[in-house]
2 protein chains.
Amino acid sequence: LPSELDPGAVGEMSIIVIDAIRATTSISTALAAGAARVVPVQSPVEALERAGEIPGALACGERNGLPPKGFDLGNSPDAYVPERVAGRTLVFTTSNGTAAMFRAADAQALRLACFRNLGAVAAAVAREVREGAGTRSIGILCAGRRGRVSMDDAWCAGHLVGRLVAAVPGLRLADGARAARLLALGLGLPRADGLADTDAGRALGGVGLIEDLEACARLDDLEVVPVWRSGAFVAVGEERG
Amino acid sequence: LPSELDPGAVGEMSIIVIDAIRATTSISTALAAGAARVVPVQSPVEALERAGEIPGALACGERNGLPPKGFDLGNSPDAYVPERVAGRTLVFTTSNGTAAMFRAADAQALRLACFRNLGAVAAAVAREVREGAGTRSIGILCAGRRGRVSMDDAWCAGHLVGRLVAAVPGLRLADGARAARLLALGLGLPRADGLADTDAGRALGGVGLIEDLEACARLDDLEVVPVWRSGAFVAVGEERG
């Protein structure tokens with residue numbers, strides 16, 4: 001959780017932020033659809049201001065699950081299609097996801113993961129370790145919900161731990177990583193109905209967006225890895241190899 | 001985790017604190033052995049001061065796993081025998097456990113749980129709910145380790161969730177509770193070797209106290225429920241019914 005992150009240690013860490021329902025799924029989808037960059041901001045007001053300053057930029061994201069007034073796009077992954085986002089800057093704010101990203105902004109490397117790009121993220125982290133970029137500590141930061149652990153993020157994190165164990169030799173797991181991995185073994189592969197049965201899934205159903213979970217539950221259909229570069233997430237693909 | 005607790009909501013909650021390795025195991029053991037009360041304090045200095053003010057009181061607990069200088073007892077559950085503690089006040093401080101207890105001090109009801117008294121705690125909470133004491137929200141607070149989730153506490157919490165589901169009709173589980181329950185299903189019943197394979201267990205091994213885990217892994221052999229009453233934990237037994 002963001003509250004578990006030691007600010008003094010962030011600079012030495014390689015951090016992966018997960019907000020499976022829905023911020024990291026939407027951002028990964030947007031970059032895969034050709035968005036030029038995704039700029040996270042703290043508030044809807046800031047999103048509108050920043051988007052107004054950048055030619056062609058779109059204000060994107062949610063509060064209480066829905067797009068704030070004046071926004072171009074909400075936080076539904078399937079809305080991020082090439083026709084809407086290709087080549088554009090997306091200014092993005094969500095209730096939990098963007099706050100977690102800012103907590104990790106000073107990390108040695110900062111990536112975003114969701115079920116859709118788990119394999120690509122694990123490959124990218126494994127390559128970073130293999131190339132000896134000094135990575136001693138890998139942190140998986142679950143955005144959670146209102147500061148508390150959320151099942152969707154922990155489920156996704158557990159699968160990521162499994163991938164990392166397979167891809168990174170000599171990895172030692174902290175208790176939280178082992179707990180997430182056991183959770184994921186218990187829950188199995190992602191399913192939309194399983195995601196619906198979480199606090200975040202129920203909240204999404206409450207605002208009539210339950211169909212978004214179909215996209216959140218897709219596994220490994222994207223090769224894109226959103227990577228933090230001077231204030232924005234950009235697509236780094238073809239990192240596998 | 002303590003950081004997940006909403007201070008504004010604590011007053012409406014019934015909270016159970018778990019620090020399975022070892023604070024809540026030691027305190028439950030001490031009260032079962034006849035200690036009159038256990039007074040948690042923040043620091044070793046404060047423990048020595050307070051113990052010096054109360055006739056017959058003992059300074060108990062740990063820093064870095066070991067009893068601080070001048071302490072009467074450390075944090076090894078099996079050291080809390082009737083010959084040492086019966087009728088006495090224990091002033092108690094540990095690295096993670098006592099801080100979690102203070103976070104929950106304003107709860108409507110505050111109890112301590114460990115593997116040894118899980119059944120007794122679940123029965124006490126079920127009775128509180130049945131008697132309509134206004135309990136709307138039950139919180140299981142895992143002390144964790146340095147602010148992070150620890151496997152031993154989550155394992156114990158998951159078994160407590162299972163007991164509560166059986167004992168409290170109509171319970172709805174938040175994501176964290178469900179995640180802990182799934183974790184406990186994966187890990188099974190407590191075992192000393194399983195506890196040894198956690199961050200807290202390894203730290204305990206590092207200071208030569210791995211044998212303490214035998215006591216921490218005992219299941220349901222105590223009927224005592226430590227309950228918070230005006231600044232101290234006291235034994236409430238025979239709460240089952």
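**Exercise 1. Find which residue of chain B comes closest to the rotation axis, and work out what kind of axis this is.**

Solution. Start with the distance: Leu183(B) comes closest of the residues of chain B, its C-alpha lying 2.8 Å from the axis. This is a predicted model, in which local features need pLDDT of at least 70 and side-chain atom pairs count only at pLDDT 80 or more, while totals for chains, interfaces and linings use all residues. Residues are numbered from 1 along each chain as its sequence is written, chains are lettered from A and ligands numbered from 1 in the order in which they are written, and side-chain values use heavy atoms, without hydrogens and water.

Next, take the superposition (least squares on the C-alpha atoms of residues with pLDDT of at least 70 in both copies). Chain B falls on chain A after a rotation of 180° with 0.0 Å of shift along the axis, at an RMSD of 0.0 Å. That is the relation of a two-fold axis.

**Exercise 2. Describe the contact of chain B and chain A.**

Solution. Begin by counting: with contact meaning heavy atoms within 4.5 Å, 23 residues come from chain B and 23 residues from chain A. Then compare the two sides: 100% of the interface residues of chain B are also interface residues in chain A, so the copies meet through the same surface.

Now for the area, meaning the accessible area (1.4 Å probe) that two parts lose on being put together, summed over both. About 1,900 Å² is buried, and carbon and sulfur atoms give 52% of this. On the chain B side, Glu4(B), Met151(B) and Asp175(B) lose the most, together 31% of what that side buries.

Finally, look for salt bridges (a side-chain nitrogen of Lys or Arg within 4 Å of a carboxyl oxygen of Asp or Glu). The interface has four of them. Asp197(B) and Arg178(A) meet in a salt bridge at 3.3 Å, N to O.

**Exercise 3. Trace how strand 7 of chain B pairs with strand 8 of chain B.**

Solution. Strands here are DSSP E runs of at least two residues, numbered from the N terminus, and two of them pair if DSSP finds at least two bridges between them. Strand 7 (residues 225-229) and strand 8 (residues 232-236) of chain B run antiparallel, joined by five bridges. Along the pair, Val227(B) stands opposite Val234(B). To finish, check the turn: two residues lie between the strands of this hairpin, where Ser230(B) takes a positive phi near 40°.

Key
Helix = DSSP H or I, 4+ residues; strand = E, 2+ residues; numbered from the N terminus.
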